[in-house]
Each structure stands twice: as structure tokens, then as C-alpha cells.
Amino acid sequence: MAKIKNTLTSRKQVDLKINTKVTVPGDKSISHRSVILGGIANGITEITGFLESGDCLATMYAMQSMGVEIKKNGNKYIVNGVGKHGLKAPVGSGIDCGNSGTGMRLLSGIMAAQAFDSEIFGDKSLNSRPMTRITKPLELMGANVSATKKGTAPIKFKAVEKLKSISYQSPVASAQVKSCLLLAGLYCDGDVSLSEPKLSRDHTENMLRGFGCQVTSNDLTVNMKGGQSLKATNIQVPADISSSAFFMVLACLLPDSEITFVNLCINPSRIGIIGILKLMGADIEFINQSTNAGEQIADVVVKSSDLHGIEIPHQYIASAIDEFPILFIAASLAKGQTKLTNAMELRKKESDRITAMANGMKILGVDCHELEDGIVINGGKLNGGQVDAEDDHRIAMSFLIAGQFSNGAIEVKNCENIMTSFPSFLEICNTLGLTIK
Ligand code: S3P
């Protein structure tokens with residue numbers, strides 16, 4: 001896979017109009033879950049559409065290093081599930097999750113329940129993200145787990161025989177916390193019950209059902225009988241709405257344009273971006289809707305529109321959590337003011353996404369100011385300038401899209417981590433006629 005340069009420059013392509021279909025790569029969240037659940041299932045799971053990005057490949061290597069055989073055959077990955085008690089202690093110094101919070105928090109649910117000691121760590125950014133949100137409930141389940149004094153990775157797990165049931169009220173709406181506990185729950189006596197303040201994405205629940213487990217969801221609470229086993233199944237990973245988000249905003253802002261995103265996962269817990277853009281005046285439509293393994297899929301048509309600022313309703317925050325960097329770019333080019341509050345979680349992502357975006361937008365002349373839990377952006381024009389993506393893939397891609405709309409080029413530093421979620425981003429940009437080098 002060709003690497004992405006660390007500094008990239010994006011320049012306006014004058015008179016650009018786009019009328020085309022785009023197929024973005026497979027969903028990152030579903031890809032992680034497919035190799036984890038496939039690895040601990042009984043039997044062979046075939047996966048099509050797996051996202052071959054840094055984050056998902058790190059999770060695949062993690063499962064391989066715990067003894068799961070995974071091979072590529074044409075466009076499929078064949079996972080030879082070892083059953084939930086078939087994993088072995090990881091080879092080497094432990095599991096390296098790279099930049100991936102999803103990989104770390106989900107794998108921890110499994111590693112906490114094994115009859116062997118292990119350790120999990122990541123890169124500088126991941127090793128500074130909060131992990132007590134998983135280590136605390138895992139301890140309540142009887143896991144022998146320890147993070148650093150700051151509550152960060154590396155996380156160490158000592159061998160245990162079995163975990164205990166748990167009824168847990170999560171302080172944050174987090175699919176990673178919920179998934180960690182559900183995966184640990186496969187190894188516990190009794191039931192797992194988790195409630196969260198807002199509904200986070202529910203791909204783990206959907207996929208567990210696909211692997212033959214009984215999981216019930218009721219409003220903000222998920223319940224699962226502990227100790228269930230997984231029966232292998234085949235998985236088709238749909239296209240990732242979070243990757244399409246960059247081009248959705250592009251389609252809205254470009255005149256006389258229309259982009260159809262093919263085979264997109266439109267799980268209701270992921271479509272906050274569409275709700276928010278529509279409130280801002282966007283013209284977006286679902287066509288060819290279907291359902292596959294509990295996941296809703298559609299082709300999504302996005303047309304040019306005049307965007308205006310809004311106060312972002314709190315109900316959309318969890319379901320748009322990864323899309324705020326590009327939404328901030330949309331807001332900075334929209335008419336009027338956009339205000340986001342209650343979005344403290346944005347400060348705990350691959351970077352502090354409120355500060356990283358505000359710093360960059362100010363350099364580009366945007367009138368914006370940070371709030372403790374959000375941001376206020378007054379729409380207007382974007383100037384050119386040099387911004388820092390702070391090694392955060394979504395910050396990098398957002399500022400590169402912004403370059404199509406700025407007066408003067410935008411140079412973005414520390415872009416390499418685009419590889420963690422969207423290795424073909426630049427290729428798609430080129431095909432669409434954007435000038436990014
Ligand atoms: C993810 C959940 C979200 C999201 C992340 C992927 C997942 O994080 O930001 O990119 O696949 O479970 P939280 O669950 O911590 O909000």
C-alpha cells in the first residue's frame with residue numbers, strides 16, 4: 001500500500017463540478033468487529049469489503065498473534081475461528097493497536113477474560129487516551145487489569161478463570177465501552193446489562209446476533225446472557241459513512257454537483273451527519289434501501305445546496321461523533337452561526353478535535369471560538385494557510401477538503417495517519433478532480 005505524505009497541499013480547482021457515483025471503502029467499525037468475532041467463533045467466517053486500513057489491519061494482526069489463522073483469498077478474508085477458548089497468549093511483547101481506540105477497547109474485553117497474561121498498547125496518541133472507562137467496569141467483572149497511573153495504556157491483563165456478571169451504567173455514550181463489556185460478557189457467568197446516556201453505535205449487538213447470540217436492546221440499555229458461544233457466519237462490510245462524510249460536505253458546497261454514495265451503511269446510530277446537514281439546508285436522499293445482517297444499507301444522493309448555520313441538536317451528537325471535523329468546515333462556509341455544545345467527547349479522540357479544528361480554522365481566518373464542550377463558528381470565507389492535522393486522520397482530511405473552498409492553498413502538516421482509516425482518500429480526491437499534492 002502506497003504511503004501518504006506527511007505534508008499535503010490542497011488548492012482550489014476552479015469551476016469544479018462533480019456528478020458521479022462514489023464507492024468509499026468498507027466501514028471501519030464493522031471491519032474491526034468482523035475479525036474479532038470471526039476469530040473467537042466456531043468455524044470459518046468469510047469477510048468481504050474488509051477495510052484494509054492501519055487501524056483494522058492492527059486488529060487483524062492482533063487476532064493472528066493470538067493464534068487465529070486469517071488468510072486473504074481474492075477479495076475475501078477467510079477467518080479460521082478458534083472458538084472463544086482457543087486463543088493463545090500473544091507472541092512478542094503484546095498487542096500493538098497502533099492509533100486505534102476501537103481496536104484497543106474491544107480487544108481488551110476479550111483479553112481481560114483469558115487464561116493467559118497479556119498486554120495491549122498503542123502509539124503516542126492512543127497511549128494518552130482515557131482507558132479507565134473500560135478498566136473500571138472490567139474490574140467490576142472480576143478482571144485482573146491495570147492501566148498506568150494516568151488511566152492510560154499500556155494495559156496489563158493477568159490470567160483469570162472466569163468473569164462475573166455486571167449491570168453497569170456507563171457515564172459516557174461509547175460503543176467502545178459497550179462493546180468491550182459485551183465481548184467480556186461472552187466469558188462470564190450471569191448476565192451483562194449496560195445502560196448509556198445516549199445511544200452509541202450498535203454494530204456489536206447486530207453482529208453478535210449474526211453470530212447466533214441473543215442480545216436484546218431496549219432504548220438505552222443492552223442486555224445479554226453471559227457465556228454464549230459464537231457460530232461462524234459470512235460478513236459483507238458495507239461502505240463507511242464516516243469516510244463518505246468528507247465528500248458529502250464537498251457535494252453540498254460545490255455548485256451544480258451531485259454525488260451518489262453507493263452501498264453505504266445507514267445504521268440509525270451512524271447517520272447524525274445526515275440529520276445535521278439536512279438541518280443546515282442540505283439536499284440528501286436515500287435510494288435503493290436494503291438490510292444485510294441487521295445493518296441498514298442504501299445509496300445516498302447528495303446534491304449542491306446553500307448551507308446555513310444551526311444550533312446542533314444534542315440528539316445527533318453520538319451518531320455524528322466522528323464527523324464533526326468536516327462538519328466544522330461546512331459550518332465555516334455556511335451562512336450565519338453554528339453552535340455545538342455537549343460534545344466534550346470530541347476532546348478525547350485521536351486529537352482534541354475541538355482545539356485542533358479551532359486552531360486550524362483561526363489560521364484560515366474563520367471567526368470561531370472554543371467552548372469547554374463545543375464550539376461556535378461564524379460562517380464566512382476561508383483563506384489559505386498552513387495548518388496542523390496533529391496526526392489525526394479526520395482533521396487532515398477535513399482541511400484537505402477545505403482547500404477546494406479557500407482563497408489560497410491550504411498546506412496541511414502531519415497527514416500520514418489518513419492511512420489509519422482511509423488509505424484511498426487521495427486516490428478518490430484525484431478521481432473527483434480535486435487538486436491535493
Ligand atoms: C467506534 C466508536 C466511537 C467512534 C470510533 C469508532 C466503534 O467511539 O468515535 O471512531 O467502532 O465502536 P466511542 O464509542 O468511544 O464514542
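Which residue in β17 is the bridge partner of E258? I shall begin with that detail, and then move outward to the sheets, the domains and the contact between them. Please bear in mind throughout that the model before us is predicted.

The answer is K303, which stands as the bridge partner of E258 within β17. That pair belongs to a longer ladder: β15 and β17, the latter covering residues 295-303, run antiparallel and are joined over 6 bridges. Strand β15 itself, residues 258-265, also pairs with strand β2, residues 19-22, this time in the parallel sense and over 4 bridges. In that second pairing, K21 is found opposite T260 of β15. As general background, strands in a sheet pair through hydrogen bonds of the backbone, in either a parallel or an antiparallel arrangement.

Let me turn to two further sheets. One is an open sheet of 4 strands, ordered β4-β5-β3-β14, and its pairing is mixed. Its edges are β4, at 69-73, and β14, at 235-236, each of which pairs on one side only. Taking the β4 end, β4 and β5 (residues 76-82) are antiparallel over 5 bridges, and K72 has Y77 as its bridge partner in β5.

Strand β3 of that sheet spans residues 42-48 and includes T48. What does T48 touch, leaving aside its neighbours within four places in sequence? Its contacts are N75, K76, I235, Q236 and V237. Of these, K76 falls within the residue range of β5, and I235 and Q236 make up the range of β14. By contrast, L220 lies 172 residues along the chain from T48, and the C-alpha atoms of the two are separated by 31 Å.

The other open sheet also has 4 strands, in the order β6-β7-β9-β8, again with mixed pairing. Here the edge strands are β6, residues 95-96, and β8. Strands β8 and β9 run antiparallel and are joined by 3 bridges, with S146 facing K156 of β9 as its bridge partner.

Two backbone features deserve a remark. The loop between β8 (144-146) and β9 (155-158) holds P154, and the peptide bond leading from A153 into P154 is cis, with omega near 5 degrees. The second feature is D219, a residue other than glycine whose phi is positive, near 55 degrees. D219 sits in the loop that links β12 (215-218) with β13 (221-225).

I now come to the domains. The domain assignment divides the protein into domain 1, made of 8-26 together with 238-436, and domain 2, covering 28-236. Their C-alpha centres are 29 Å apart, and the contact draws on 28 residues of domain 1 and 24 residues of domain 2.

How much area do domain 1 and domain 2 bury between them? The figure is about 2,100 Å², of which 45% is on carbon and sulfur atoms. On the domain 1 side, R270, E350 and T420 lose the most area to domain 2, together accounting for 22% of what that side buries.

As to the chemistry of this interface, there are 16 residue pairs in polar contact across it, counting pairs with both residues at pLDDT 80 or more. The domain 1 side that touches domain 2 comprises 9 nonpolar, 10 polar and 9 charged residues. The number of salt bridges between the two domains is 3. R201 and D322 form a salt bridge whose closest N and O atoms are 3.3 Å apart. Going by the domain bounds, R201 belongs to domain 2 and D322 to domain 1.

For the protein as a whole, the count comes to 21 salt bridges. In general, side chains of opposite charge can pair when their charged atoms come close. One example joins E416 to K3, with 3.6 Å between the closest N and O atoms. Because E416 is in the loop between β22 (406-413) and α12 (425-432), while K3 is in the segment before β1 (8-11), this pair ties together parts that are 413 residues apart in sequence.

To close, let me return to the opening pair. E258 and K303 are bridge partners, within an antiparallel pairing of β15 and β17. Thank you for your attention.

Definitions and conventions: Residues numbered from 1 in each chain as written. Predicted model: local features only at pLDDT ≥ 70, side-chain atom pairs only at ≥ 80, totals over all residues. Heavy atoms only, no water. Domains from an automatic or database assignment. Contact = heavy atoms within 4.5 Å. Buried area = accessible area lost by both parts, 1.4 Å probe. Salt bridge = Lys/Arg side-chain N within 4 Å of Asp/Glu carboxyl O. Polar contact = N/O pair within 3.5 Å; in protein donor to acceptor, adjacent residues only side chain to side chain. Nonpolar A, V, L, I, M, F, W, Y, C, P; charged D, E, K, R; others polar. Pairing = 2+ DSSP bridges.
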